[in-house]
2 protein chains.
Amino acid sequence: MVGIKDVARRAGVSIGTVSNVVNRPDVVSDATRAKVLAVIDELGYVRDESARQLRAGRSRVLGLLVLDLGNPFFVDVARGAEEAAREAGLNVVTCTSSQQIDTEASYLSMFAEQRVRGVLLSPVTTDAGALCAFRRSRIPFVLVDRTAPADEVSSVSVDDVVGGMLAGRHLLETGHRRIAFVNGPEVLAQCRDRRHGLEAALAGSGTELSTMEVPALDVASGREAGTRLLARTPRPTAVFCANDLLALGVLQAMVGAGVAVPGEVAIVGYDDIEFAGAAAVPLTSVRQPARLIGRTAADLLIAETGDGEQPGHRAVVYEPSLVIRESTRR
Amino acid sequence: MVGIKDVARRAGVSIGTVSNVVNRPDVVSDATRAKVLAVIDELGYVRDESARQLRAGRSRVLGLLVLDLGNPFFVDVARGAEEAAREAGLNVVTCTSSQQIDTEASYLSMFAEQRVRGVLLSPVTTDAGALCAFRRSRIPFVLVDRTAPADEVSSVSVDDVVGGMLAGRHLLETGHRRIAFVNGPEVLAQCRDRRHGLEAALAGSGTELSTMEVPALDVASGREAGTRLLARTPRPTAVFCANDLLALGVLQAMVGAGVAVPGEVAIVGYDDIEFAGAAAVPLTSVRQPARLIGRTAADLLIAETGDGEQPGHRAVVYEPSLVIRESTRR
DNA sequence: ATAGCGAACTGAAACGTTTCATCCCGATGC
DNA sequence: GCATCGGGATGAAACGTTTCAGTTCGCTAT
């Protein structure tokens with residue numbers, strides 16, 4: 001591998017000069033700069049980021065750890081974060097914890113070893129050891145899609161309780177009194193909060209609510225849940241899913257079994273991913289501003305990693321909104 | 001930041017011993033090891049990967065650069081690659097070129113600066129400068145979802161010509177004689193090949209084929225293409241899309257306009273992403289073994305980065321298959 | 001003529017590891 | 001009692017940068 005000293009020798013200048021040509025081209029004379037650049041090109045020199053970073057003490061990358069990249073919601077979050085990072089001259093490396101607490105821990109320690117500039121984290125759970133251990137590394141981080149006391153850490157999230165309530169109220173208004181809630185793992189705060197919101201909306205309405213917890217927030221789990229719901233008697237007249245992926249799965253099961261949606265069963269999803277509108281029956285869904293979340297979180301993080309005075313932590317909470325489509329049309 | 005020498009001082013041992021505790025615990029006595037580990041825990045020492053890598057000369061990560069992470073097909077490819085990498089004790093950092101040649105170039109040079117162990121690349125185009133420039137870095141790489149002469153570089157792909165033919169033949173067999181092809185940017189080999197396959201299948205059948213090139217392979221572009229197709233007279237009786245995302249968009253436009261699918265217009269997609277089966281009308285699609293592609297590519301790459309004798313390049317080509325669903329049912 | 005100045009460049013230290021030759025020392029064999 | 005051995009620890013070199021205190025040198029102002 002060709003290094004800076006090969007370039008220096010070949011160009012007949014010192015190592016420091018080559019470094020200057022690369023990093024502060026203005027302090028070196030035109031003639032020298034041209035000569036060095038020519039040699040760099042000739043030798044195909046590429047500077048070694050690890051040496052650079054070792055010297056600098058910190059890197060130019062942000063870590064982003066999300067629950068599931070198979071969920072377009074998080075892909076959009078990632079896009080937003082990348083945009084913001086790019087504007088600040090930083091790179092983002094995106095990883096998936098797959099909702100596994102140990103995968104999360106392993107990626108966090110990888111980030112710590114890389115001396116990442118900061119971390120955007122959509123945590124599986126905030127009270128477990130992995131996060132606490134990471135805290136000790138003193139690397140700044142911002143929680144994504146998850147609230148936290150603002151005196152401890154910044155966070156950007158959407159009010160999931162309100163989201164659950166929006167869905168619940170909408171189902172009440174459309175006349176449903178036997179509702180099933182297909183929820184993801186309750187370790188996830190999102191899932192707990194959405195349930196609480198739903199329950200609050202339904203409270204005192206005399207509605208019969210049954211909750212079913214599935215192991216993963218994906219289409220396959222939704223399909224399975226849908227099949228199980230079909231076997232129930234009496235069958236619920238509406239299904240609220242913690243997630244659009246689950247909702248798409250449930251929908252598939254219904255359509256496959258010849259059950260009319262929304263005629264016999266209404267369905268509400270969550271996230272309003274792009275595919276929700278293109279589904280067998282376009283899905284009513286609780287929309288979250290995914291891209292904005294990613295962007296805001298990255299901005300907050302970048303502000304906290306700045307060398308200037310620390311801006312203090314903030315907890316940004318966005319409001320979700322309900323997008324009504326065919327799947328709950330009366 | 002606490003370094004190895006802080007640990008050494010505190011534990012009353014040499015730097016080398018601490019390093020041994022971390023990397024080769026067996027060569028150090030039980031007593032010393034325990035003492036050092038205690039200090040590591042107490043001080044919260046995390047080793048600095050950049051220093052480690054600087055010394056080692058190469059990193060433990062593979063770079064993966066795909067065309068679009070918004071496309072679930074590539075998410076699956078990434079999953080496959082990560083699986084394989086994890087088994088080899090390597091990490092994968094995944095990036096998206098968004099089909100922009102300059103974004104691609106920028107990520108490739110980032111990979112080169114990181115001294116990544118190897119790169120999995122789904123290139124925008126193989127004949128442009130970005131790739132040639134990267135070649136000079138001597139970092140091993142494998143092409144993903146793209147063929148190349150096996151004497152130059154390894155590749156893992158699916159036969160897109162066959163895929164296009166499968167779609168074309170199926171539409172012929174289902175009686176269509178006026179077909180529209182909604183294609184992505186023709187700079188992408190995938191798009192060119194699929195068109196060639198389609199044209200080959202239709203050749204001599206007296207079929208009227210019109211091709212429309214859209215700027216991006218996403219749902220929005222599909223929707224737009226669908227709207228334009230609706231305005232045509234006579235309207236095509238079938239639409240083949242270079243991509244499931246496009247197909248979903250076209251489908252949305254059709255359904256939105258009250259055009260019956262497959263009654264008035266049949267639709268065929270490509271990739272068979274999970275959402276294809278859950279669409280408004282379940283999509284007929286050309287399936288590609290996404291996860292297997294990622295896995296195989298990573299395996300090939302890892303073999304090439306091994307220190308042993310070089311295994312030589314290979315070009316793996318998988319066969320696509322047609323999944324027939326409602327959208328082309330007669 | 002000389003002091004002073006600034007532009008351009010140099011040389012070496014420092015960053016935090018890993019590795020390897022070396023050293024120490026107690027035990028073993030004769 | 002002495003040479004040998006080997007487990008265990010040490011110290012320093014090396015990795016490729018960046019940075020910064022110096023050095024050189026041609027110019028300008030006095």
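This report walks through a predicted model of two protein chains with two DNA strands, from the DNA contacts to the chain contact and then to some local details.

**Around the DNA**

Let's start with DNA strand C. It has 25 residues around it, and the ones that come nearest are A:S14, A:G16, A:T32, B:I4 and B:A51. Both chains have a hand in this surface: α2 (15–23) and α4 (49–56) of chain A each put in at least two residues, and so do α1 (4–11), α2 (15–23) and α4 (49–56) of chain B. The largest share, five residues, is down to α2(B). Sorted by class, the surface near DNA strand C holds ten nonpolar, nine polar and six charged residues.

Now for DNA strand D, which is surrounded by 26 residues. Here the closest are A:I4, A:A51, B:S14, B:G16 and B:T32. On the chain A side, α1 (4–11), α2 and α4 each supply at least two residues of this surface, and on the chain B side α2 and α4 do so. The class count for the surface near DNA strand D is eleven nonpolar, nine polar and six charged.

**Where the chains meet**

The contact between the chains draws 33 residues from chain A and 33 residues from chain B. On the side of chain A that touches chain B, two or more residues come from each of α4, α5 (72–87), β2 (91–96), α6 (101–114) and α11 (244–256). Of these, α4(A) gives the most, with five residues. If you sort that side of chain A by class, you get 16 nonpolar, ten polar and seven charged residues. Note that α4(A) turns up in the DNA story as well, since it also supplies at least two residues of the surface near DNA strand C and of the one near DNA strand D.

**How chain A is divided**

Chain A is split into domain 1 (4–47), domain 2 (58–158 + 290–318) and domain 3 (160–288 + 322–328). Between the centres of domain 1 and domain 2 of chain A, taken over C-alpha atoms, there are 37 Å.

**Helix pairs**

Three helix pairs are worth a look, and here is how they are set.

| Helix pair | Angle | Axes |
|---|---|---|
| α1(A) and α3(A) (residues 30–43) | about 125° | 9 Å apart |
| α10(A) (residues 219–230) and α11(A) | about 45° | 6 Å apart |
| α2(B) and α3(B) (residues 30–43) | roughly 90° | within 10 Å |

Take the α1(A) and α3(A) pair. At about 125°, the two helices are therefore oblique to each other. The crossing of α1(A) past α3(A) is right-handed. From α1(A), the residues involved are A:D6, A:V7, A:R10 and A:A11, and they meet A:K35, A:V36, A:V39, A:I40 and A:L43 of α3(A). That contact has six nonpolar and three charged residues, with no polar ones.

Next comes α10(A) with α11(A). Their angle is about 45°, and that makes α10(A) oblique to α11(A). This crossing is right-handed too. On the α10(A) side the contact includes A:V219, A:A220, A:G222 and A:L230, while the α11(A) side includes A:L245, A:L248, A:V250 and A:M254. By class, the contact counts eleven nonpolar, six polar and one charged.

Over in chain B, how do α2(B) and α3(B) lie relative to each other? With a crossing of roughly 90°, α2(B) is roughly perpendicular to α3(B). Here B:T17, B:V18 and B:V21 of α2(B) meet B:T32, B:R33, B:V36 and B:L37 of α3(B). The class count is four nonpolar, two polar and one charged. One of these residues, B:T32, is also among the closest to DNA strand D.

**Backbone oddities in chain A**

Which peptide bond is cis in the loop that holds A:P234? The bond from A:T233 to A:P234 is cis, with omega near -5°, and A:P234 sits in the loop between α10 and β8 (238–241) of chain A. The bond from A:V261 to A:P262 is cis as well, with omega near 5°. You'll find A:P262 in the loop between α11 and β9 (266–271) of chain A.

Lastly, look at A:R138, which is not a glycine yet has a positive phi of about 65°. A:R138 is in the loop between α7 (129–135) and β4 (141–144) of chain A.

Key
Residues numbered from 1 in each chain as written. Chains lettered and ligands numbered in written order. Predicted model: local features only at pLDDT ≥ 70, side-chain atom pairs only at ≥ 80, totals over all residues. Near = placed C-beta within 6 Å. Helix = DSSP H or I, 4+ residues; strand = E, 2+ residues; numbered from the N terminus. Nonpolar A, V, L, I, M, F, W, Y, C, P; charged D, E, K, R; others polar. Contact = placed C-beta atoms within 7 Å. Domains from an automatic or database assignment. Axes fitted to C-alpha atoms, helices over the stretch in contact; angles between N-to-C directions. Parallel < 35°, antiparallel > 145°, perpendicular 65-115°, else oblique. Left-handed = near helix turned anticlockwise from the far one by under 90°.
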